[in-house]
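I opened this model to record how its strands are arranged and what surrounds its ligand. My entries follow in the order in which I looked things up.

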Amino acid sequence: MEVVKQLEQLRTTRRKCSDPFGLVPTMGYLHEGHLSLVRCAMSECASVGVSIFVNPTQFGPNEDLTAYPRDLERDLSLLSAEGVDLVWIPEVEGLYPPGDPTWVDVEGLTEYLEGAKRSGHFRGVTTVVAKLFNAFQPTKAYFGQKDAQQARVIQRMTEDLLLPIEIVICPIVREVDGLAMSSRNSYLNPEQRQAATVLWRALGHAGSLYDAGERNAGNLREGMLDVLNAEPLARVQYVSV
Ligand code: AMP
């Protein structure tokens, strides 16, 4: 496995990799959710690259950029065990040259749900993913359904910029109690970690209502809100169907 930092090293190593080439962009602190994307890429591509980059432009001023968990050594040993060919760990200045920046901004789709709560978040995501696409020039790129709106926004960006890259969206990997795996779950103390299962219980409740014939989205949302509001540690930002 080649681990590189500089763009020039990345381009040189990438040229030696055979196609189809699969890219898995990550912010590191890897778990089974990330590794499921890597495994899917390995099964479909002749070579696979992973980026590890905690992208500052997708964090709001009051978000957790400096606190975001990191463990590069562990990440690299997990990726090496999967048989990944190439890992890029760029520096911030490598991806964002000094001076006035260029932004990639998908309109419309980014204005609601996550976008309404996190101003500028998706602009940071689409900008960094466009840069990663140009640096790696992958045949396919793999994203998780866990970040459903992000996956859709990236699909739209790829179509709209005429990028010759196939976007593959992989299923959510969950803990045994149903909580979606996430690097940020490490922030939760045991009590909060227990309370977080309310997300899965709320989704399950909506699923039961649906199976019982409910087809009104407002009623499904209300059903989920009832479950979420019964958990004292939970505060709802949005619920959507
Ligand atoms: P992140 O490191 O959080 O930026 O995530 C990198 C990629 O892994 C994104 O495409 C995420 O959607 C995906 N991902 C994160 N957690 C999971 C999960 N539990 N199941 C599937 N994909 C995931």
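Entry 1, a strand pair. I began with strand E3, residues 47-52, and strand E4, residues 86-88, in this predicted model. I found that E3 and E4 pair in the parallel sense, over three bridges. For Gly49, I looked up the bridge partner and noted Leu86 in E4.

Entry 2, the sheet. I then asked in what order the strands of the sheet lie. I read the order as E1-E4-E3-E2-E5-E6: six strands in an open sheet, with parallel pairing. At the edges I recorded strand E1, residues 2-4, and E6, each of which pairs on one side only. I noted an average twist of 25° from one strand to the next.

Entry 3, the E5 and E6 end. I looked up how many bridges join E5 to strand E6, residues 166-170. The count is five, and I noted that these two strands run parallel. Opposite Gly144, I found Cys170 in E6. I also traced a β-α-β unit, made by E5, helix H7 (residues 148-160) and E6, and I recorded its hand as right-handed.

Entry 4, the shell around the ligand. I turned to the ligand and listed 17 residues around it. I noted that Met27, His34, Asp147, Val173 and Met181 come nearest. Sorting the shell by class, I obtained nine nonpolar residues, six polar ones and two charged ones. I next asked which elements each supply at least two residues of this shell. They are strand E2 (21-26), helix H2 (32-44) and strand E5 (140-144). I recorded H2 as the element that gives the most, with three residues.

Entry 5, polar contacts of the ligand. I looked up the distances from ligand oxygen atoms to N or O atoms of the protein. For Asp147, I noted a polar side-chain atom 2.6 Å from an oxygen atom of the ligand. For His34, an N or O atom in the side chain is 2.8 Å from a ligand oxygen atom. For Gly144, the atom concerned is a backbone N or O atom, and I recorded 2.9 Å between this atom and an oxygen atom of the ligand. I then asked how much of the ligand's accessible area the protein covers. I noted that the ligand has 480 Å² of accessible area on its own, of which the protein covers 93%.

Entry 6, a cross-reference. I marked Gly144 in both lists: this residue stands opposite Cys170 in E6, and a backbone N or O atom of Gly144 lies 2.9 Å from a ligand oxygen atom.

Key:
Residues are numbered from 1 along each chain as its sequence is written. This is a predicted model: local features need pLDDT of at least 70, side-chain atom pairs count only at pLDDT 80 or more; totals for chains, interfaces and linings use all residues. Side-chain values use heavy atoms; hydrogens and water are left out. A residue is near a molecule or strand if one of its heavy atoms lies within 4 Å of it. A polar contact is a pair of N or O atoms within 3.5 Å; within protein, one must be able to donate a hydrogen and the other to accept it, and residues adjacent in sequence count only if both atoms are side-chain atoms. Accessible areas come from the Shrake-Rupley method with a 1.4 Å probe; for residues, only the protein chains shown count as cover. Helices (H or I, at least four residues) and strands (E, at least two) are DSSP runs, numbered from the N terminus. Ala, Val, Leu, Ile, Met, Phe, Trp, Tyr, Cys and Pro count as nonpolar, Asp, Glu, Lys and Arg as charged, and the others, Gly among them, as polar. Two strands pair if DSSP finds at least two bridges between them. A crossover is right-handed if, with the strands pointing away from the viewer, the path from the first strand over the helix to the second runs clockwise. Axes are lines fitted to C-alpha atoms, for helices over the stretch in contact, and angles run from 0 to 180 degrees between N-to-C directions.
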